[in-house]
Structures are given as structure tokens and as C-alpha cells.
Amino acid sequence: MKLKLAYGRKGLSVDLPDEMPTTVVEPKPVAGLPDEGAAIRDALRSPTRAAPLRQMVRPGDRVAIVFSDLTRPMPNDRVLPPLLEELALAGVPEGSVTLINGLGTHRPQTEPELARMLGPAIVDRYRIVQHDAWDEGNLVEAGRNRSGRRVRVNRAYMEASFRILTGFIEPHLFAGFSGGPKAVLPGIADIEAILDNHGPQMISDPRATWAVLEGNPIWEEILSVALGTEPDFMLNVTLNQGREITGVFAGDLVEAHRAGATFVGQSALQPVPEAYDVVLTSNSGYPLDLNLYQGVKGMSAAARIVKPGGDVILVSECWDGIPDHGEYKRLLWEAGSPQELLERVMVPGFRCHDQWEAQLQAQIQLKARVHVYADGLSEDELRRAMVIPCASVEETLALIRREKPGATMAVLPDGPQTVPYVREPGSGGR
């Protein structure tokens, strides 16, 4: 069976053994909107549980718009222009609008990256702030989290008189779904608030998982913190495998996001009859597969349907490396095994940037072996990251088949855009 996996910008073609029982698991196909710009304008003018944007904003407002960073496939260059046009029609001058890159703890974007993400015209005409979770001078207290500790967020956002959150709704490995309030936490929050929200006990909660919002402690804190900053308007989109916009959800943060998450869940949540010996997954291609840190999402999606002691094969380009920025690489380098890594991060009082991704990787590796095919990483880098280097998918599958004759396999060509789950016997659905 020949199959193309989402990988980098061009994809990766693989030749799977015909003798190996294989199930391909993908999202239900959803057509792109015939006129994306018109759909965005319609949503801004007829939002969910909110007045039209033009009736809400005033010419004298200082407007802050939070947008998604490079690690998300959010089509900012297609979504922001209709939003900015609507603000202009409301009488808001360009000089009164600030665009804030919701980086969370990720690295800032370069000027060329910003131009590709937003479009050169927007970069030239609007003020852009790149959030820094460690910059004390540009953080303002904005409430308390579930533990009663203070939360600080970006000063430019809090000083604006009108606040707009934009984003892309997709399944998320521990927050349930992305988009909505995640633009605030972790998007523009301080490092301590992010460490609290992504702490070991929160990550370990079984409800902190894919496509679960109700009862998910991470999601509930994210939403509570975001609401505490009093955002005025939300604009989120959903995408299909071709990166076409399939839905636009605007208006009230809670209601509009809930509608978008329900819409995504209908296509992304895919049942399988049983767990598999091998699960081959991508990391959804560019831009999500830029580094191994993000690749944990693909591992996590695959781990949902792999048998204990089975094998996960991840293909992720990793042009940005492990990466070198942040603490994820150091945490992996210093651990002797996934068990040692997990024990370290679970020590009471342990707090470290990127601990959450290392913890999730360790939990996955205690269930299954993880093989990684990545053009951007050497065999030594992969071994030091505690994963098994994969020179080619075909070679790795041949080795597994010799070790496990009769092994079954599932393939997630679009990686974590699909949320597979093993259907319980006798259940009609999820």
C-alpha cells in the first residue's frame, strides 16, 4: 500500500507492506468554504451571542488583537485582513491597533517569518508585539488561577480598551481543544502562570486529554483566566487537511468556541475497533512538525490506539531541531530513561519550562516504543532524546514484522488532526 503522510511542506510517501493488516484513520472530510473572506465578514457581522463587531468597537478604542504563532497552521494572512478591514469600517485607525504574537513560551518569530505569517502589508502597517513570558516590565496582573496564585498577562493587551482573541480550533493533547481562551493562557501569560497550568499534577489528570473540555482542569483554568481579562470578541477558524478554512466562529468567547470545538470533534474524533501493534503517525506536516517538542502531539495521538508494549512510528521533519531553545532538550538529555525522566518531573515542587512535553513523552514511552523519522535530526540527537532513530519507515516496519509476525497497524496520515479512540464493545459511538 502506497500512502502519503503529512510531512514538512511536501509530504512523505511510504510503501507499506501489503501483508500487514493496516487501517488508515483520518478525519471525516470537510469541504473548504467557497469564499473564506465573505464567511469571515459574515461571522464578524452576525457573531454568536454578541453584537456585530462594528457596533461594539468605537473609533477611539485602542484595539489589541492576539494572533497565533508560527507553531500553528492558523492562516493569519487570510483571517486578519477581513478583521482589520472591519475595524477600519468602524472608524478605528491603523495606529490604534496592536497585533500581539501569542507565543506562550515559544521563541519569537523573525521578521521574514512574521511577513510570511501575516503578509508583508500587515507587518508594514501595524504595530506588532511579540509576547515574552519572562519580561517583567511588560506583564500586568490580571487575576488569580485555581490555586490562588496571581496571573500576569501582556501589558499591551491589558492596556487596550478593546481586546480580540483570534485562533485556530483543533484537538489538543492536554487542553482538549486549542483556540479560544488559549490565546490568553498560555498565549500571552507569564511563565509562572504557564508552569502552574501545565504542572505535573495537572498533566497527569486523566481528564486533561484530547477533545475533553468539561472536567478538564487545564482547560477550566485556561478559560477562567481568559475570562478574567475581559476579552471583548473572539474570532476562530477551523481547517481541513488541505488547510482550507471550513468554519468561522466569532463572538462570545465561551459560546463561539464551544460551537467550534463541537464542529471539529465531529470530524476529528474517529473510532477504531481495537488497539494495534503498530501505529504510524505524522505530526500534521508544516508548521506543526517543526521540532521534536511539537512531535509529542503526534506520538500522543498514536498512543491512544497502540497496544501496551507496541510501537509508535512518528514522521516529523524537525527542521527546528529538538529544539535548542527552551528546556525540553536538556530534560531529555539529562535523563537516563523515560522512567527516570518521569520520576524527576513528578518530584513535589519540581518546576521547569517545557516539563509538560517531556512528561508526556515519558508517559507515552512507558507504554510503547517510539521510533522517529526526522530529516532535521541526526541519529545521535534522536537517541539522546530517548527515541529510536528511523532511517526509513519501510525498514523500521520490516524489523518490527520480523520481531512480531502478524502485527497489525494503524496509520494516521494527518497525525494529531485525527483523534482516534478504541470504541468500547457494544457502544454506538464515543
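These legends walk through several close-up views of a predicted model.

In this predicted model, local features need pLDDT of at least 70 and side-chain atom pairs count only at pLDDT 80 or more, while totals for chains, interfaces and linings use all residues. Residues are numbered from 1 along each chain as its sequence is written, and side-chain values use heavy atoms, with hydrogens and water left out.

**View 1. The largest nonpolar core, with Leu292 in it.** This core holds 91 residues, and those with the most contacts inside it are Tyr157, Phe174, Leu292, Met299, Leu341 and Val372. A nonpolar core here is a set of buried Ala, Val, Leu, Ile, Met, Phe, Trp, Tyr and Cys residues joined through side-chain atoms within 4.5 Å. Buried means under 20% relative accessible area, exposed means over 50%, and partly exposed is in between (1.4 Å probe, protein chains only). Helix H11 (residues 292-303) gives the largest share of the core, seven residues. Helices (H or I, at least four residues) and strands (E, at least two) are DSSP runs, numbered from the N terminus. Leaving out residues up to four places away in sequence, Leu292 touches Met299, Cys318, Gly321, Ile322, Tyr328, Val372, Leu377 and Ala385; contact means heavy atoms within 4.5 Å. There's also a second, separate core of 36 residues, with Ala90, Val237, Leu239 and Ala250 among them.

**View 2. Helix H13 and its buried face.** Look along residues 338-345 and you'll find Pro338, Leu341, Leu342 and Val345 buried. Seen down the axis of H13, these buried residues fall within an arc of 95°, so they line one face of the helix. That arc is taken from the directions from the helix axis to the C-beta atoms. Packed against the buried residues of H13 are helix H8 (200-204), helix H12 (328-334) and helix H14 (355-365).

**View 3. Helix H16, from its buried face to its other side.** In H16 (residues 393-403), Val393, Thr396, Leu397 and Ile400 are buried. Their arc is 100° down the axis of H16, so they too line one face of the helix. Leu399 and Arg402, on the other side of H16, are exposed. The cover over the buried residues of H16 includes strand E2 (12-15), strand E15 (276-282) and strand E16 (306-315). Ala398 is in H16 as well, and it's partly exposed at 30% relative accessible area. Ala398 and Pro17 sit 381 residues apart in sequence but 8.4 Å apart in space, C-alpha to C-alpha.

**View 4. The largest cavity, and a cis proline in its lining.** The space inside the largest cavity is about 400 Å³. On a 1 Å grid over the protein atoms alone, a cavity is a set of points where a 1.4 Å probe fits but cannot get out; a pocket is an open set with protein on both sides within 12 Å along at least five of seven lines; and lining residues have an atom within 4 Å of a point. Grid points are joined across faces, edges and corners, and a volume is the space filled by probe spheres set on the points. Of the 30 lining residues, Arg72, Gly102, His106, Lys182 and Pro186 are the closest to the centre of the largest cavity. Pro186 is joined to Leu185 by a cis peptide bond, with omega about 15°. You'll find Pro186 in the loop between strand E11 (176-177) and helix H7 (191-197).

**View 5. The second largest cavity, with Pro323 in its lining.** Here the space is about 130 Å³. Of its 17 lining residues, the closest to the centre are His106, Arg107, Asn291, Pro323 and His325. The peptide bond from Ile322 to Pro323 is cis, with omega near 20°, and Pro323 lies in the loop between E16 and H12.

**View 6. The largest pocket and its lining.** About 370 Å³ of space lies in this pocket. Its lining has 17 residues, and Arg72, Pro73, Met74, Tyr286 and Pro287 are the closest to its centre. Helix H3 (76-89) and helix H4 (111-118) each supply at least two residues of the lining.

**View 7. Thr238 in strand E12.** E12 covers residues 233-239, and Thr238 counts as buried at 1% relative accessibility. Leaving aside neighbours within four places in sequence, the contacts of Thr238 include Phe168, Ile169, Phe249 and Phe263.
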